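Reader: Please take a close look at one part of this model. Then work outward from there.

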Amino acid sequence: MGKRILVVDDAAFMRMMIKNIVTKNGYEVAGEAENGKQAVEKYAELKPDIVTMDITMPEMDGIEAVKAIRAVDPNASIIMVSAMGQQAMVMDAIQAGARDFIVKPFQQDRLLQAIERVLARSRK
């Protein structure tokens, strides 16, 4: 069975795009969330191997969600997904505990490389 991924983004088309890429490449989508608050709840419920986390979302942003998830599971593997021009927020996310990041619009290969890198690090 492939590794399980929780897809978090407030844009439904973005969640669908990420889900299509990961399922086509042998990963399982454990679940999805449209804001940080849902992401924290789903993480606790589903215990995914990896989370793709949008930075800018309603209710709770991605950085706060990373902090909340890492407080519960310090080994959580989270990949931030940011829009162009959010470099400062990406740095905040990495400091909060995100393991990698990709910038929208991204190529399929870039997402898969980030997932592989994070998985390789978590195996050590």
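Author: Start at valine 51, whose bridge partner in β4 is isoleucine 78. The model is predicted: local features need pLDDT of at least 70 and side-chain atom pairs 80 or more, while totals for chains, interfaces and linings use all residues. Residues are numbered from 1 along each chain as its sequence is written, and side-chain values use heavy atoms, without hydrogens and water.

Valine 51 also serves the other neighbour. In β3, it is the bridge partner of leucine 6. Strands (E, at least two residues) and helices (H or I, at least four) are DSSP runs numbered from the N terminus. Strands pair if DSSP finds at least two bridges between them. β1 and β3 run parallel and are joined by 4 bridges. β3 and β4 are likewise parallel, and 4 bridges join them.

Now look at how β3 is covered. Of its 5 residues, 5 are buried (under 20% relative accessible area, 1.4 Å probe, protein chains only; over 50% is exposed, in between partly exposed). Both faces are covered. Ile50, Thr52 and Asp54 lie on one side, and Val51 and Met53 on the other. β4 is mostly covered too, with 5 of its 6 residues buried.

Step back to the whole sheet. It is open, has 5 strands in parallel pairing, and follows the order β2-β1-β3-β4-β5. The edges are β2 (28–33) and β5 (100–104). Each has a single partner strand, so one side of each is left without a neighbour in the sheet. From one strand to the next, the twist averages 20 degrees.

Take the β5 edge. β5 pairs with β4 (residues 78–83) in the parallel sense, over 5 bridges. One pairing to find is isoleucine 79, whose bridge partner in β5 is aspartate 100. Helix α1 (residues 12–24) packs on the sheet. α1 touches β1 (4–8), β2, β3 (50–54) and β5, where contact means heavy atoms within 4.5 Å. Its direction makes about 170 degrees with that of β2. Axes are lines fitted to C-alpha atoms, for helices over the stretch in contact, and angles run from 0 to 180 degrees between N-to-C directions.

α1 also meets helix α5 (residues 108–123). Their axes come within 10 Å and cross at roughly 65 degrees. That makes α1 roughly perpendicular to α5. The bands are these: under 35 degrees is roughly parallel, over 145 roughly antiparallel, 65 to 115 roughly perpendicular, and the rest oblique. The crossing of α1 and α5 is right-handed (near helix turned clockwise from the far one by less than a right angle; anticlockwise is left-handed). α1 contributes Ile18, Ile21, Val22 and Lys24, and α5 contributes Gln108, Leu111, Leu112 and Ile115. By class, these are 6 nonpolar, 1 polar and 1 charged. Ala, Val, Leu, Ile, Met, Phe, Trp, Tyr, Cys and Pro count as nonpolar, Asp, Glu, Lys and Arg as charged, and the others, Gly among them, as polar.

Next come α2, α3 and α4. The axes of α2 (residues 36–46) and α3 come within 9 Å and cross at roughly 20 degrees. The two are therefore roughly parallel to each other. The crossing is right-handed. Gly36, Ala39, Val40 and Tyr43 of α2 meet Ala65, Ala68 and Ile69 of α3. That contact has 6 nonpolar residues, 1 polar and no charged.

α3 (residues 62–72) also packs with α4 (residues 87–96), at an angle of about 5 degrees and with axes 9 Å apart. That makes α3 roughly parallel to α4. From α3 come Ile63, Val66, Lys67 and Arg70; from α4 come Met89, Asp92, Ala93 and Ala96. This contact holds 5 nonpolar, no polar and 3 charged residues.

Last stop: glycine 97, in the loop between α4 and β5. Glycine 97 is buried, at a relative accessible area of 11%. Not counting residues up to four places away in sequence, glycine 97 touches Val66 and Arg70. Both also take part in the α3 contact with α4. Isoleucine 63 is 34 residues from glycine 97 in sequence, yet 8.9 Å away in space, C-alpha to C-alpha.
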